[in-house]
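Thank you all for coming. I would like to walk through one structure with you, moving from side-chain contacts to helices and loops, so please keep the view open as I speak.

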Amino acid sequence: MGGANIQFLSLYLGLFLWILFGQDTMAQNSKLEVAEELYKEGKALYFAEEYEKSIEYLNKVEAIGKELKDDMLVCKAITAKGHSFVMNDQNQKALDAYYASIEIAQKNKNLDKEMIASSGLVLVYKKTNQYQKALKLSQKMLQSIDKTSFKNTITHVNVITTASEVYLDTEQYDSVLHYAEPGISLSKILDYKEGLVDLYIKKGVVYYYKEQYETSLDYLFKAEELLQNYEIKNKFYPTVNCSYFIASCYYQQGYYDKAIERLHNNVSASEGNKLFNIPVLQSHLLLANCFGKKEDFENALYWNNKYVELNEAFQKQKDKTINKIYQKEAQVLKGGIANLQNKQLKNERIKKYAYIIAALLFLIVIIGALLYFKKQKSNKLVFNDLLQKINDLEVKEQEKLSKKEAPKEIVIDDEKVHEVLIGLSRLESQEFYLRADCNLRSVAKKVKTNATYLSKIINMHQEKNFNEYINDLRIDYALKRIKNDKKFRSFSVKSIATEIGYKSDYSFAKHFKSKTGLNPSYYIKNIEKQEKTLEDAI
């Protein structure tokens, strides 16, 4: 009887524990299943190029992960969102997503998750011209792959292809070949056709730039054969890319008709936004050069004009960073078009129009000159107005210093906001904004808050976003220092940009003109001119 009682008590206790904990476990498992289905749907939308919808699904996955306190689920969702942001040209959001994902992965010492997020981060660095960062991170990934579960898997191949892309962009061709060979061997073992295609094309491009055209064609034809005979994911880009470089080899070898046939296929296979794929865009320019070599000037100019038209539309449509390899190629081909136009002027068919062209050119020069002088006059007014504002600002600053007034305390109810604003003021006085590593995360860390909160405070109290806030500080600093520091003024625009925290002179010039209406070079030149006038007067 005692044994029966014990068995009964055990069953009763088991039932009690199930009521207590079992239902919660079932509910949690149910939510995880929902999250997995949402994740699959989000990834499917990503591959269908519906990136906004993909992000909506992944946001739900992230929310479930946070509710369940499942760091790995959150990490997976944020990384996938980063991929969608990249493809949707939302580079800053992609950066934030990958940084957040890497932070979670490192906190949990999950090298696999960190590796996946890092791969996406490399692509963002590439798109934003941060090639040194991309190179450094790629090298770190290659060194770390053996410590992950991805060793000798498809992901291992993808890490190699990503790193090879960076080496290709930075023209480190021997490094591309060094990593491509083991990547090809591993792709063959895994029967991973996408990896084989990618690495064959990269080797073909390397040998093209090494001017070993037959070797280049061997690898490009291998890639093309795989593209034609197997089901490859997202095959449009590798197909037109491969065909473009095959045509480029033919062009260099003097087989212009073969090249033209290839390039026509690239163009005819593209429509809508696919025309803005870089290999397709460049195909128009290479077509112009091919017809130029055949002295078919009518077709040459037709394709050159199509290229110019498409390129302008592309730049207006999206602010994308063109792949470095194609920038180099475009420079070479544009040089060919310039030579073509010189030949065209010598052609008998054009001679009868020479006077008309000369008259039109003269008219354009006259109009250009008038516009130039009008612009100069406008710039002068803007410059004088800007200089007056700087002088007024400096006078006010001097008056404050002479009176030794203590800075007025900002009256804010929220003590935390008050502390953040004081921290920002301190960083301004330390000129932290001039550092290249000054970004939302680093500033948030300095003022002891998080990036989201800091962004909201700046929006509320500065009435601008974080980037506008930092850019305004940098440009104000540059304006005053250029005006007052002759040595600083003698620096190149690129050196000045680096000195005040910008990664490139282009970025500095863009923000300078946006704030002042003038180019930095114009401002520097006129400050020099004004100072010289004062010296001569003395």
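**Salt bridges, rings and loops**

Let me begin with Glu103, which is partly exposed at a relative accessible area of 47%, where buried means under 20% relative accessible area, exposed means over 50%, and partly exposed lies in between, with a 1.4 Å probe and protein chains only. Before going further, I should say that this is a predicted model, in which local features need pLDDT of at least 70 and side-chain atom pairs count only at pLDDT 80 or more, while totals for chains, interfaces and linings use all residues. Residues are numbered from 1 along each chain as its sequence is written, and side-chain values use heavy atoms, with hydrogens and water left out.

The side chain of Glu103 meets that of Arg441 in a salt bridge, at 3.3 Å from N to O, the term being used for a side-chain nitrogen of Lys or Arg within 4 Å of a carboxyl oxygen of Asp or Glu. Glu103 lies in helix H4 and Arg441 in helix H19 (residues 440-446), so this pair ties together parts that are 338 residues apart in sequence; helices here are DSSP runs of H or I with at least four residues, strands are runs of E with at least two, and both are numbered from the N terminus. Arg441, like its partner, is partly exposed, with a relative accessible area of 41%.

How many salt bridges does the structure hold? There are 21 salt bridges, and two others deserve a moment. Arg262 forms one with Glu224, with the closest N and O atoms 2.2 Å apart, and this pair links distant parts of the chain, since Arg262 is in helix H12 (residues 256-268) and Glu224 in helix H10, 38 residues apart. Arg262 counts as buried at 19% relative accessibility, and Glu224 is buried as well, at 15%. Glu531 and Arg489 also meet through their side chains, at 2.7 Å from N to O, and they link helix H25 (residues 520-537) with helix H22 (residues 486-489) across 42 residues. In that pair Glu531 counts as partly exposed at 22%, whereas Arg489 is buried at 2%. Salt bridges that share partners also join Lys464, Asp472, Asp476 and Lys515 into one network.

Turning to the rings, a search of the whole structure finds 19 aromatic pairs, where rings of Phe, Tyr and Trp (its six-membered ring) pair if their centres lie within 6.5 Å, and planes under 30 degrees apart count as stacked, over 60 as edge-to-face and the rest as tilted. One of these pairs, Tyr207 with Tyr219, is stacked, at 5.9 Å centre to centre with 5° between the planes. Tyr207 lies in helix H9 (residues 193-209) and Tyr219 in helix H10 (residues 213-229), so the pair ties together parts that are 12 residues apart in sequence. Tyr207 is buried at 15%, and Tyr219 is buried at 17%. Elsewhere, Tyr173, Tyr208, Tyr209, Tyr213, Tyr244 and Phe245 form one aromatic cluster.

What surrounds helix H9? Of its 17 residues, 15 are buried, so H9 is largely enclosed by the rest of the structure. From its first C-alpha to its last, H9 reaches 25 Å, close to the 24 Å expected at 1.5 Å a residue, that expected span being 1.5 Å times one less than the number of residues.

Just after H9, Glu211 takes a positive phi of about 65°. For context, most residues other than glycine have a negative phi. Lys109, which is not a glycine, has a positive phi of about 55°, and it lies in the loop between helix H4 (91-107) and helix H5 (111-127), where it is exposed at 78%. Glu295, again not a glycine, has a positive phi of about 60° and lies in the loop between helix H13 (278-293) and helix H14 (297-317), although Glu295 counts as partly exposed, at 49%.

I will finish inside helix H7 (residues 154-169), which is the place of Ser164. Ser164 is buried, with a relative accessible area of 0%, and its C-alpha is 9.8 Å from that of Gly183, the two residues being 19 apart in sequence.
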